[in-house]
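Dear colleague,

I am passing on the structure we spoke about, with the sequence alongside. Please look through it first; my notes follow below.

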Amino acid sequence: MLIGELSRRTGVAARLLRYYEEQGLLRPGRDSGGYRVYGPDAPFVVARIRGMLAAGLTTDAIREMLPCVTDAGPGIEPCPEVLRTMTAYLERMDADIAERRRRRAALAAFRDATEARQERGQGQGH
C-alpha cells in the first residue's frame, strides 16, 4: 500500500509516517517509480508505534524494541533489552512522579501560608 492509504487506514498524517521512517521505525520498500510501498502489517506497526509513544517511550527506545513486536497481542516478545528498557522507563517515570509530588506539596504549603496571611490581613499593602 502507498503512504496515502496507510495514512487513511491509521489516521496518522503522511508527514508523521515519513518521520517514523526517518527514525527507523517504519521500513517501506520502494516501487519502480520510487514511491514508498508498505506491507500488509504496516497498520499494525503504526498502531504499536503510537501506543509506545503514548506510553512515554522515545523513538530510540521504540526502535530498539520494535523488532520484538511479533503480533497484535498485548505486550512484546521478551527479546534482549526489552524488559530492561521498560523497567528503566518506569523507574524514571516513578522518579518524575515523586518529584512532581514533592513540588506540589511545596507549592500547596506556600499557597496555604499565603492564604493564612491574607486571612490575618497581613497580605495587604505589599
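On the surface of this predicted model, Leu2, Tyr35 and Val37 together make a nonpolar patch of about 290 Å². One of these residues, valine 37, belongs to strand E2, which spans residues 36–37, and with a relative accessibility of 30% valine 37 is classed as partly exposed.

As for the overall architecture, the protein chain contains five helices and two strands, and their order along the sequence is α-α-β-β-α-α-α. The radius of gyration of the protein chain is 23 Å, whereas the globule rule gives 14 Å for 126 residues, so the chain is more spread out than a compact globule. Along the principal axes, the C-alpha atoms occupy a box of roughly 80 × 35 × 20 Å. Of the 126 residues in the protein chain, 26% are buried, and the chain exposes about 9,000 Å², of which 53% is supplied by carbon and sulfur atoms. Among contacts with a separation of 6 or more, 47% are between residues 24 or more positions apart.

Turning to the interior, the largest nonpolar core is made of 24 residues, and Leu6, Leu17, Leu26, Ile49 and Leu66 are those with the most contacts inside it. Two or more residues of this core come from each of helix H1 (3–10), helix H2 (14–22), helix H3 (42–54), helix H4 (59–65) and helix H5 (82–120), with H3 giving the most, namely five residues. If residues up to four places away in sequence are not counted, leucine 66 touches Leu25, Val45, Arg48, Ile49 and Met52; of these partners, Ile49 is itself listed among the core residues with the most contacts.

A further residue that I looked at is threonine 85, which is placed in helix H5. Is threonine 85 buried or exposed? Its relative accessible area is 10%, and because the cut-off for a buried residue is under 20%, threonine 85 counts as buried. When its neighbours within four places in sequence are left aside, threonine 85 is in contact with Ala61, Glu64 and Met65. Of these three partners, Ala61 and Glu64 fall within the range of helix H4 (59–65), as does Met65.

With best regards

Methods. Residues are numbered from 1 along each chain as its sequence is written. This is a predicted model: local features need pLDDT of at least 70, side-chain atom pairs count only at pLDDT 80 or more; totals for chains, interfaces and linings use all residues. Side-chain values use heavy atoms; hydrogens and water are left out. Patches are made of residues with over 30% relative accessible area and no salt bridge: like charges are joined within 9 Å, nonpolar side chains (Val, Leu, Ile, Met, Phe, Trp, Tyr) within 5 Å. Accessible areas come from the Shrake-Rupley method with a 1.4 Å probe; for residues, only the protein chains shown count as cover. A salt bridge is a side-chain nitrogen of Lys or Arg within 4 Å of a carboxyl oxygen of Asp or Glu. Helices (H or I, at least four residues) and strands (E, at least two) are DSSP runs, numbered from the N terminus. Buried means under 20% relative accessible area, exposed over 50%, partly exposed in between (1.4 Å probe, protein chains only). The radius of gyration is taken over C-alpha atoms; the globule rule is 2.2 Å times the number of residues to the power 0.38. Contact means heavy atoms within 4.5 Å. A nonpolar core is a set of buried Ala, Val, Leu, Ile, Met, Phe, Trp, Tyr and Cys residues joined through side-chain atoms within 4.5 Å.
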